[in-house]
Amino acid sequence: MLIQFLGAAGEVTGSKHLITTDSGKTILLDCGMYQGKGMETDAANRELGFDPKDIHYLLLSHAHIDHSGLIPYIYSLGFRGKIFCTPATRDLCELMLQDTAFIQEQDVRWYNKKMHRQHKPTIKPLFDTHHAQQVMKLFRTVDYNTTYRIDNEISFQFINSGHMLGSALIHLSIQEHNEVKRIAYTGDIGRLHSHILSTPHPFPQCDYLICESTYGDRLHDDELVSEEQLLGVVEETCMYKKGKLLIPSFSVGRTQEIVYVLNQLYNDGRLERVPVYVDSPLSANATEIFRRYADTLNEQVRDTLRFDPDPFGFNTLRYITDVQQSKALNRSEQPCIVISSSGMLEAGRIKHHVSNHIDDPTTTILIVGYCTPTSLGARIQDPKLRFVSIFGYDHRIRAQVTKIDGFSGHGDYSEMIQYFTASQDVKAIKKTFIVHGESSAQEAMKDHLYEAGFRNIHIPQKGASVVL
Ligand SMILES: [Zn+2]
């Protein structure tokens, strides 16, 4: 069989890997969108490297858009194969793909207006809300730890990877010429101790490992440190400086984690009466799905549920869905916490909050997740940067920009290696492919894997094909 690395090769977005068996079956592992470079990513997203009509199966590791975002696009180009994922991933995709289609349409409208003024060619959105709706009929759900046989050659299992609600490591067994080849694709791997997510579960032995490397060169703070750091930032900003604390956060996953931690601080009487606003319709709806699948979250969440029926809601917290209310919140001078997407500050309501308050020294912008180097979220972290352009206007940076590492949804290199060595005989792994990382993180991850006893480690370039 052949594996082709068609995205997230030497970078962290656009995850797409295609397996073609000797008998001609095609299995796509994830179908993610390139993100983080504004409209520059449009061309990269259109070049798939395969004909969607030729794909038989799509195995989806989780609902994050950098892993699932092009599913409606391939549908629009004729993909009619089966999509397999966990039940929570399906429900999240239903929300997130609609949302992505809507953002696409808006972005393209804005971009085309600009192009039209400059007499330059306009573009069409990659897909629309109709495609995002229609593609849902191709989804099939499979629970964790259940071997699912697709046909005589191919079977797979989803193993809880602890990265977000519904996230899975995909363990594939493919029979070829009387030999079974076992491939483990990590998708994204969570932390060993998360605030809400389960620890990544051990997975059966593999012959080939395709592993992520987002934090291949870094170690995180532990989760208790991040809780205290968050409380410290809230106290300094909202109580001492009487300012606004703006937290750019992915609507699905990170937002619920932050809300859960604030809920714990509230239950412990440590949050005082600081108003908290989650300004995102998507977050409000996604939180409903977190409540639905709370049994797949970690033990602390299940313990909390015994005395607090809603660990994602408390008296001083409000979910804002209405645009007018969001605008009113933007104008308000009251000290408060605003959690809103997008996490990299590339779009969404948070960008409006930041553009309105970045020149205010009482404001703190708190970064709680990974930002690709070119994104606004990464650029404002440069302490030498004094002005930044947002929506075409230059703003003086007077707000404090702070970062907390411990909320990451990705394990660091030490956590990933502990996870692998706990469930694998690493010497029995014939080849390991490092994907989903900036090149410095990939090189560092390669060294760490060697030290842990791995051999035959490859960092595939985008488009590379390898025979397994
Ligand atoms: Zn992810």
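Analyst: A residue is counted as buried if 20 or more other C-beta atoms lie within 10 Å of its own, and as exposed if 12 or fewer do. The model discussed here is predicted, and the burial labels below rest on that cut-off.

User: Why is Leu209 called buried?

Analyst: Leu209 has 24 C-beta neighbours inside 10 Å, and the label requires 20 or more, so Leu209 counts as buried. This residue sits in strand 11, which covers residues 208–211. When neighbours within four places in sequence are left aside, the contacts of Leu209 are Ala184, Ile429 and Thr432.

User: What makes Pro52 buried or exposed?

Analyst: The count for Pro52 is 20 C-beta neighbours inside 10 Å, and because the label asks for 20 or more, Pro52 is counted as buried. Pro52 belongs to the loop that runs between helix 1 (41–46) and strand 4 (57–59).

User: Which residues does Pro52 touch, not counting residues up to four places away in sequence?

Analyst: Pro52 touches Ile74, Leu77, Gly78 and Phe79. As for Ile74, it lies 22 residues from Pro52 along the chain, with 5.5 Å between the two C-alpha atoms. The C-alpha atoms of Leu209 and Val108, by contrast, are separated by 38 Å, and these two residues are 101 apart along the chain.

User: What makes strand 8 largely enclosed by the rest of the structure?

Analyst: Strand 8 spans residues 154–160, and six of its seven residues are buried, so the strand is largely enclosed by the rest of the structure.

User: How do you know that strand 7 and strand 8 pair?

Analyst: Two strands are taken to pair if DSSP finds at least two bridges between them, and strand 7 (residues 148–149) has two bridges to strand 8, in the antiparallel sense, so the condition is met. Arg149 stands opposite Ser155 of strand 8, and the two strands make a hairpin with four residues between them. Strand 8 is also joined to strand 9 (residues 168–176) by seven bridges, again with antiparallel strands; in this pairing Phe158 faces Ile170 of strand 9. The contacts of Ile170, once residues up to four places away in sequence are set aside, are Leu29, Leu59, Ser61, Phe156, Phe158, Tyr185 and Gly187.

User: Why is one side of strand 6 and of strand 22 left without a neighbour in the sheet?

Analyst: The sheet concerned is an open one of seven strands, in the order 6-5-4-3-2-1-22 and with mixed pairing. Strand 6 (139–141) and strand 22 (465–467) stand at its edges with a single partner strand each, so one side of each has no neighbour in the sheet. On average, neighbouring strands here are turned by 25 degrees against each other, direction ignored. Within the sheet, strand 1 (residues 2–7) and strand 2 (residues 16–20) pair antiparallel over five bridges, and Gly7 is placed opposite Lys16 of strand 2.

User: What makes strand 14 and strand 19 edge strands in the other open sheet?

Analyst: That sheet has six strands in the order 14-13-15-12-16-19, paired in parallel. Strand 14 (317–320) and strand 19 (400–403) have a single partner strand each, so one side of each is without a neighbour in the sheet. The twist from one strand to the next averages 20 degrees. Strand 13 (residues 276–279) and strand 15 (residues 336–340) are joined in the parallel sense by three bridges, with Val278 opposite Ile339 of strand 15. Helix 11 (residues 349–357) lies across strand 12 (244–248), strand 13, strand 15 and strand 16 (364–367), at about 145 degrees to strand 12.

User: How do you know where the largest nonpolar core lies with respect to the domains?

Analyst: This core has 125 residues, of which Leu92, Ile170, Ile247 and Ile337 touch the most other members. Helix 4 gives the most to the core, with six residues. Domain 1 (2–218 + 409–467) and domain 2 (223–403) both contribute residues, so the core lies between them.

User: What is in contact across the two domains?

Analyst: There are 25 residues of domain 1 in contact with 25 residues of domain 2. On the domain 1 side, helix 4 (residues 87–117) gives the most, with seven residues, and by class this side has eleven nonpolar, eleven polar and three charged residues. The C-alpha centres of the two domains are 27 Å apart.

Terms used: Residues are numbered from 1 along each chain as its sequence is written. This is a predicted model: local features need pLDDT of at least 70, side-chain atom pairs count only at pLDDT 80 or more; totals for chains, interfaces and linings use all residues. Domain bounds come from an automatic or database domain assignment. Two residues are in contact if their C-beta atoms, placed from the backbone, lie within 7 Å. Ala, Val, Leu, Ile, Met, Phe, Trp, Tyr, Cys and Pro count as nonpolar, Asp, Glu, Lys and Arg as charged, and the others, Gly among them, as polar. Axes are lines fitted to C-alpha atoms, for helices over the stretch in contact, and angles run from 0 to 180 degrees between N-to-C directions. A nonpolar core is a set of buried Ala, Val, Leu, Ile, Met, Phe, Trp, Tyr and Cys residues joined through C-beta atoms within 7 Å.
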